Amino acid sequence: MEFKQVTLGAKKNIALIAHDNKKQDMVAWCKEHKAELLNHGLYATGTTGMIIEEATGLPIQKLISGPLGGDQQVGALITDGHVDVLIFFWDPFEPMPHDPDVKALLRIAAVWNIPIACNHISADFLIASPLFNSPSLRTIPDYDAYLAKRAVSLS
């Protein structure tokens, strides 16, 4: 696979996901960082988005619930370049029926080289980074080059 560099803008699109036992922690984190989050675009899976929006007034583009495919929607947004940061408060003590979706989402985030925070303190570190509000370079798979090589090798 070839790679290329793209510029991540100063305004990021952030996906917010929280398992049931972590939703209140996510709300607390969003309240704590509301002023900062207002400068960015926010996506969230169903219930998480509704709870955050009600508790904070932050504008959230809500997707469907994680177990119903919301995690996969976030993954698709990442591969399409519409999500730049993933903040996913997952519960390591509670097995989820959609664990394969969660693993797939984390894999996609790693493949497309986006920052991931999985708990309150890592999200604090992420939002405190000088890169959070400034443009930065990111290395991603060069899918166009991949397709061009495949087309040549198949013809």
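How many bridges pair β5 and strand β6, and in which sense, parallel or antiparallel? Hold that thought, everyone, and have a look at the model on the screen. It is a predicted model, so please keep that in mind as we go. The answer is 2 bridges, and the sense is parallel. Strand β6 covers residues 116-117, and one spot to look for is Leu 86, which sits opposite Ile 116 of β6.

Let me step back to the whole protein. We have 155 residues here, folded into 7 helices and 7 strands. If you walk along the sequence, the order reads β-β-α-α-β-α-β-α-β-α-β-α-β-α. The C-alpha trace spans about 55 × 35 × 25 Å along its principal axes. The radius of gyration is 16 Å, and because a compact globule with 155 residues would come out near 15 Å, the two agree. Of all the residues, 43% are buried. Among contacts with a separation of 6 or more, 76% are between residues 24 or more positions apart.

Now to the sheet. For anyone who would like a reminder, strands of a sheet pair through backbone hydrogen bonds, in either a parallel or an antiparallel way. In our protein, 5 strands make an open sheet, ordered β4-β3-β2-β5-β6, with parallel pairing. β4, residues 61-62, and β6 are at the edges, and each has a single partner strand, so one side of each has no neighbour in the sheet.

Let's cross the sheet from the β4 edge. β4 pairs with strand β3, residues 41-44, through 2 bridges in the parallel sense. If you want to find that pairing by eye, Ala 44 has Lys 62 in β4 as its bridge partner. β3 is covered on both faces: Gly 41 and Tyr 43 are buried on one side, and Leu 42 and Ala 44 are buried on the other. Moving on, 4 bridges link β3 to β2, again parallel, and there you can spot Ala 15 opposite Tyr 43.

From β2, residues 13-18, we reach β5 through 5 bridges, with the two strands running parallel. Here Ala 18 faces Phe 89 across the pairing.

So, is β5 mostly covered or mostly uncovered? Mostly covered: 5 of its 5 residues, 85-89, are buried. One side holds Val 85, Ile 87 and Phe 89, the other holds Leu 86 and Phe 88, and both faces are covered.

A quick word about the outside. The accessible surface is about 8300 Å², and carbon and sulfur atoms account for 58% of that. As for charge, there are 13 positive and 17 negative side chains, with the centres of the two sets 5 Å apart.

Finally, let me point out one residue, Thr 79. You will find Thr 79 in helix α4, which covers residues 70-79. Is Thr 79 buried, exposed or partly exposed? Its relative accessibility is 32%, and because buried means under 20% and exposed means over 50%, Thr 79 counts as partly exposed. Setting aside neighbours within four places in sequence, Thr 79 touches Ile 108 and Trp 112. Glu 54, on the other hand, is 25 residues from Thr 79 along the chain, and their C-alpha atoms are 29 Å apart.

That's the tour. Thanks for listening, and do turn the model around for yourselves.

Technical notes
Residues are numbered from 1 along each chain as its sequence is written. This is a predicted model: local features need pLDDT of at least 70, side-chain atom pairs count only at pLDDT 80 or more; totals for chains, interfaces and linings use all residues. Side-chain values use heavy atoms; hydrogens and water are left out. Buried means under 20% relative accessible area, exposed over 50%, partly exposed in between (1.4 Å probe, protein chains only). Two strands pair if DSSP finds at least two bridges between them. The radius of gyration is taken over C-alpha atoms; the globule rule is 2.2 Å times the number of residues to the power 0.38. Contact means heavy atoms within 4.5 Å. Accessible areas come from the Shrake-Rupley method with a 1.4 Å probe; for residues, only the protein chains shown count as cover. Lys and Arg count as positive and Asp and Glu as negative; His and the chain ends are not counted. The place of a charge is taken as NZ of Lys, CZ of Arg, CG of Asp or CD of Glu.
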